[in-house]
Amino acid sequence: MQAVQFDTPGQIARRLGVPLHRIAYILATRDHIQPRARAGRIRVYDNQAVAQIRHELNAIDARTAAKSQGWGIIREASA
């Protein structure tokens, strides 16, 4: 049986190797990712929430890469 780990946003940022502001953006804009508990003003998240945050970061990075390479642009064929 694996122990449940609770992390603050700062700990999640260190664990995923990204700046804290990226974690804060995900948490502020994704209503489906909720803290598991609160201790005063401190929010803590479980492993499932960390997985959801990682997924959201990967999705943002994929969209950014696609835009920078022009994949999202539909070009008309010249006649």
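**Reading a helix pair**

Mentor: In this predicted model, helix 1 (residues 9-16) packs against helix 3 at an angle of about 60°, and their axes lie 11 Å apart.

Trainee: How is a pair of packed helices described, and what does the angle make helix 1 relative to helix 3?

Mentor: In general, two packed helices are described by the angle between their axes and the distance between the axes. Here the angle makes helix 1 oblique to helix 3. The crossing of the two helices is right-handed.

Trainee: Which residues of helix 1 and helix 3 meet?

Mentor: From helix 1 come Ile12, Arg15 and Leu16; from helix 3 come Asn47, Val50, Ile53, Arg54 and Leu57. By type, the residues of this contact are five nonpolar, one polar and two charged.

Trainee: Take Asn47. Where is its place, and is Asn47 buried, partly exposed or exposed?

Mentor: Asn47 is in helix 3, which covers residues 47-68. A residue is called buried under 20% relative accessible area and exposed over 50%. Asn47 has 28% relative accessibility, so it counts as partly exposed.

Trainee: Which residues does Asn47 touch, leaving out those up to four places away in sequence?

Mentor: Asn47 touches Ala3, Gln5 and Arg15. Ala3 is 44 residues from Asn47 in sequence, and their C-alpha atoms are 10.0 Å apart.

Trainee: Where do these helices fit in the order of elements from the N terminus on?

Mentor: The protein has three helices and two strands, and the order is α-α-β-β-α. Of its 79 residues, 27% count as buried.

Note on methods:
Residues are numbered from 1 along each chain as its sequence is written. This is a predicted model: local features need pLDDT of at least 70, side-chain atom pairs count only at pLDDT 80 or more; totals for chains, interfaces and linings use all residues. Side-chain values use heavy atoms; hydrogens and water are left out. Helices (H or I, at least four residues) and strands (E, at least two) are DSSP runs, numbered from the N terminus. Buried means under 20% relative accessible area, exposed over 50%, partly exposed in between (1.4 Å probe, protein chains only). Contact means heavy atoms within 4.5 Å. Axes are lines fitted to C-alpha atoms, for helices over the stretch in contact, and angles run from 0 to 180 degrees between N-to-C directions. Angles under 35 degrees count as roughly parallel, over 145 as roughly antiparallel, 65 to 115 as roughly perpendicular and the rest as oblique. A crossing is left-handed if the near helix is turned anticlockwise from the far one by less than a right angle, and right-handed if clockwise. Ala, Val, Leu, Ile, Met, Phe, Trp, Tyr, Cys and Pro count as nonpolar, Asp, Glu, Lys and Arg as charged, and the others, Gly among them, as polar.
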